[in-house]
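User: Please take me through the terms used to describe this model. For each one, I should like to see how the value meets the definition.

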Amino acid sequence: MNRILQKLLLGMTFAVMFGGGIAFVNADDVYTRQNSSNNNILVDDTNLKQASSTSEQISSTEQISSSDSVDTLATSKSSSSSIDTNQSTSSLQNISSQASATTYANEESAAVSVAATSSSATKSTSSAIVAKEDNENSIQNQQTGRVLANDSVVKAARNNNAQVAKQAADNLLAAIKNASQYNLTFYNDVDEPVVGFNGKVAYNNGYNYNYEDVNVVKYNNDTRNDKYQVVNDYANLSQNELKEINIFAAQLLNTVRESVWALYGQDTSSWQLMITNDSMGLAVKVAQGYTRDRHSISSGTHDVDVLKEAYKSYGLHGYSENYGSTSLNYAANMVSNRKTTMYDLKKAIFQTITLMLYDDMPAASGGANAGSDGNGHAYSLAYGWNQYSFDENYFGVAFDQMGQLHIVNFKPSLIWNDTHFNTNKLVYTKTLGDTSGVTKSVPTAYSNYLKASVFNNDATISYVKEKIVDGNAYYFVTRNGQLYIYDSNLTRLKGQIEIGDVFYNLNNSTGAVLSNGSVNSSEVKQRLAKNDNKANFDSVTINGTNLVVRGWHAADASIVRPYAYIILFDKSTNRELRRIAYTPLYRVDVARVYPGIYNAANSGFSVNIDLRGLNFAGHQLQLVTRYSDDRAGNGNTTDIWSGNYTFNTNAASFDSVTINGTNLTVRGWHIADAAANKGYAYIILFDKSTNRELRRVAYKPYVRQDVANVYHNVYNAANGGFNVNIDLRGLNFAGHQLQLVTRYSNDRAGNGSMVDIWSGNYVFNTNAASFDSVTINGTNLTVRGWHIADAAANKGYAYIILFDKSANRELRRVAYTPYVRQDVANVYHNVYNAANGGFSVNIDLRGLNFAGHQLQLVTRYSDDRAGNGNTADIWSGNYVFNTNAGNVDSVKKVNSNTLSISGWHVADASATQPYAWLIVLDKTTGRELTRTRYVVTTRNDVYTAFNNVYSSKQSGFSNVNVKLPVSLNSINGHDLQVVARYSNNSYNGEGSRTDFYSRVFKFRNGVFYL
């Protein structure tokens, strides 16, 4: 009875899983070469034989077997089967394999598996490496204690703690060496191995951990009890539920990844899995695709179409997957009731991950892997892609409707420029309790021993490894996060060195191990002897404030010069402007053309060089693509120089120049490559007529995408807009030729080094007015209208002047404050202060001799408080006021010689003739009978009829008693007439006067007949 069936019958975990982190692909999906056995093997980029790719980017160590075959067997109850792609286990191995089908059958179930037989060459490689490490271990035990102090050797005695640590380290190494060199072993609290890969389980006192016994989710102070957290549908989780299981799975694996990476000297935090909304979404899409296709693990395959479709939907260049069927649903069939608890979900995840890590041998060999080759899942999850790759991973998990757990974890290199994958990482929240039962940090006993006995417990050292080559000891020391190498004399090594068959790149000054760490020394020699060096600058363009440089650089020397740079050089001034370090990008097109150059498939660059502050406009620029053995890009270098590039655009447009209120509003844009080191933008108003500057206004350019769409290769082209108001108050600009200057300057005041563009000429000289109404109102002349003038900008005093054209002299002037006339601004919207030109002025006419004269009105802006000085005038037409009207309403007898007279008299001339008289004439005898002075009274009725006549409201005479010098009897039968007079003589009514004669009336027998 096979091992999987045993687990099921014992009531433990049933799980079948597929894959080794790399999705199954057909032989025609990748570019392969044939080995001596005519087996198709994927080209290994690490060994630089050949390189190519299709639309998917896949692992450099992936191998396709061309003769896999599977025979399936059905039984009456159930069956489970799975298959794993054959893949090489490291860059040192290219496994040639033939697959043979093997079937197992019994009355309960049938399991179908494909087993792979490794080539003898691979086996001998593995054993050689193991033997080599054993040799190293024996030599390590012979080392004597030394103390590091400033790269010199100081002897130090061992201590008891160091001896205890040494003994513990020896025991630990012996336990590890019992398994294959490629085992990944995890440890408990006392650094004893608990369980290893390849199906070799090492029990700790006969006890093996399981979900119920490991205190990982059983109790959390900051989360709910998972057993009471109901999940309605494990195939359609809420966002919070999805996030919770993803973080749980990632933290389980993070404890493992951290341990494994540190075991192999990877002192970096890159082991932490990166969860994003899109990585979770990708897992969900994969799970939904399996649900749609009803693709079960019992088929023995991955659903490659689903994987391609899901990864492609995010623009990712490649795909990977691990998946398994767990205790959540043994049969891996579609079910309708998918309600469960968060506890059961996490348990299913725990079981699947545990078996992938600790029991990843083929089912045919007693393991839980449904494929034919072991450790694929373990390598993918622990290393990030394949064995010893130590890759950062984006990560996501999701369940399909069949209860199968899908794990997507892939390298950032699948993300290219055209990828629309959200890389914003979620912040982990605590979901795990004590994880010491799952794994512990890797054994540090021997490192602690070396640190204590050789380096005197230097507090700056976090890890020490020892390597013995040809009887000489080398110490790999991690100090303050940086790796260094010391020889047996504890001298810090620098430059390029060989240790055994490995070539190391070390910083020439500090000795720090460079980014490419170590490479095979024989290959280094071959590469440096050939020394091909090719590059191309595909495009060099300005985008915003950056110079975007795209292209590739492939160089054999990069094998020992791992630091890649793009340098911007100013040929005109013979100096470097900028240098940018970059990580080469995947360029399969380059690898196809230059397959023989080292790492040609990873030679691309797409670099943004910040141009802000650089004086480059008009200069001849060159670009240098460089590989260097110095972290700063100096030291030994391999360069290729570009041709010359010149950027010197200076363009602008004054879209509109208009007067708006008291401002000159200037709208447009100005872009200039020279603006890169000229951070101050100005608009300057210049008077060409007087050859002087009037105003300058600093502004902050704003976004003009329309400009960038046309000038997309100019510095900061999208941010060149201006909308500036220049205050015109006090400026003498009317009628002058004006120019505008848009300027970028390196001086805060807008002087210094500058780049300008001048506008054409603009002239503003409008002077317009209207006298809407000119009327007499009581004793005032009321003048209403408006006056606007560009010249008013420096003429702050507004006047209305009354001028007597007949007498050629000014009669009155009245200062006024203009008020809002929006109707005027609507018509004259390009005139200075056009909305504020209204006037409504009362001119006092009292004492003015204007009646019958031709009058004119002048509206004036002046720079003189009294309304003189420099002026801008508009004259009205002629106005004449000369009304003289009246009426005698009644004449009554009061007594024998007294009359009572009522009526009214209006006259514009009364402005200078303030005295009102009534005169009675005897028309029969042709003589004046009498005259009487009276005081005018209010006559609203008269004002209504004569509202445009001087003081017409005060024009009445009511019941004025006039005493005659004779008796009325003496004039019985005579014709009488009344004269209403305004005179400037208060004594007798003579002098300057204005008379109104009534109709003639008769006096007959005591009655007046009008």
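**Sheets, helices and cores**

Analyst: Four strands make up an open sheet in the order β43-β44-β48-β47, and their pairing is antiparallel. β43 (884-895) and β47 (937-938) stand at the edges with a single partner strand each, so one side of each has no neighbour in the sheet. This is a predicted model, in which local features need pLDDT of at least 70 and side-chain atom pairs count only at pLDDT 80 or more, while totals for chains, interfaces and linings use all residues. Residues are numbered from 1 along each chain as its sequence is written, and side-chain values use heavy atoms, with hydrogens and water left out.

User: What makes β47 (937-938) a strand?

Analyst: Strands are DSSP runs of E with at least two residues, helices are runs of H or I with at least four, and both are numbered from the N terminus. β47 covers 937-938, and therefore meets the minimum for a strand.

User: How do you know that β47 and strand β48 pair?

Analyst: Two strands pair if DSSP finds at least two bridges between them. β47 and β48 (residues 954-963) run antiparallel and are joined by 2 bridges, so the condition is met. Thr938 stands opposite Gln954 in β48.

User: Which strands are at the edges of the sheet β32-β31-β34-β35?

Analyst: This open sheet of 4 strands is antiparallel, and its edge strands are β32 (692-699) and β35 (754-758), each pairing on one side only. Its neighbouring strands are turned by 25° against each other on average, direction ignored. Within the sheet, β34 (residues 738-745) and β35 run antiparallel and share 5 bridges, with Tyr744 opposite Val755 in β35.

User: What makes helix α8 (residues 376-383) mostly covered?

Analyst: Buried means under 20% relative accessible area, exposed over 50% and partly exposed in between, with a 1.4 Å probe and protein chains only. In α8, 8 of its 8 residues are buried, among them His377, Tyr379 and Leu381. Gly384 follows α8 and has a positive phi, near 105°.

User: How do the side chains alternate along strand β42 (residues 871-875)?

Analyst: Ala872 and Ile874 point to one face and are buried, whereas Thr871, Asp873 and Trp875 point to the other and are not. Strand β41 (residues 855-862) pairs with β42 in the antiparallel sense over 5 bridges, and Tyr861 has Ala872 in β42 as its bridge partner. In strand β12 (residues 322-325), Asn322 and Gly324 point one way and Tyr323 and Ser325 the other, yet all are buried.

User: Which residues touch the most other members of the largest nonpolar core?

Analyst: A nonpolar core is a set of buried Ala, Val, Leu, Ile, Met, Phe, Trp, Tyr and Cys residues joined through side-chain atoms within 4.5 Å. Of the 78 residues in the largest one, Leu547, Phe616, Leu664, Phe733, Leu781 and Phe850 touch the most other members. A second, separate core has 32 residues, including Ile245 and Val397.

User: Which residues of helix α5 (residues 277-293) meet helix α6 (residues 304-313)?

Analyst: Contact means heavy atoms within 4.5 Å. Among the residues of α5 that meet α6 are Leu282, Val286 and Tyr290, and the α6 residues include Val306, Leu307 and Tyr311.

Key. Axes are lines fitted to C-alpha atoms, for helices over the stretch in contact, and angles run from 0 to 180 degrees between N-to-C directions.
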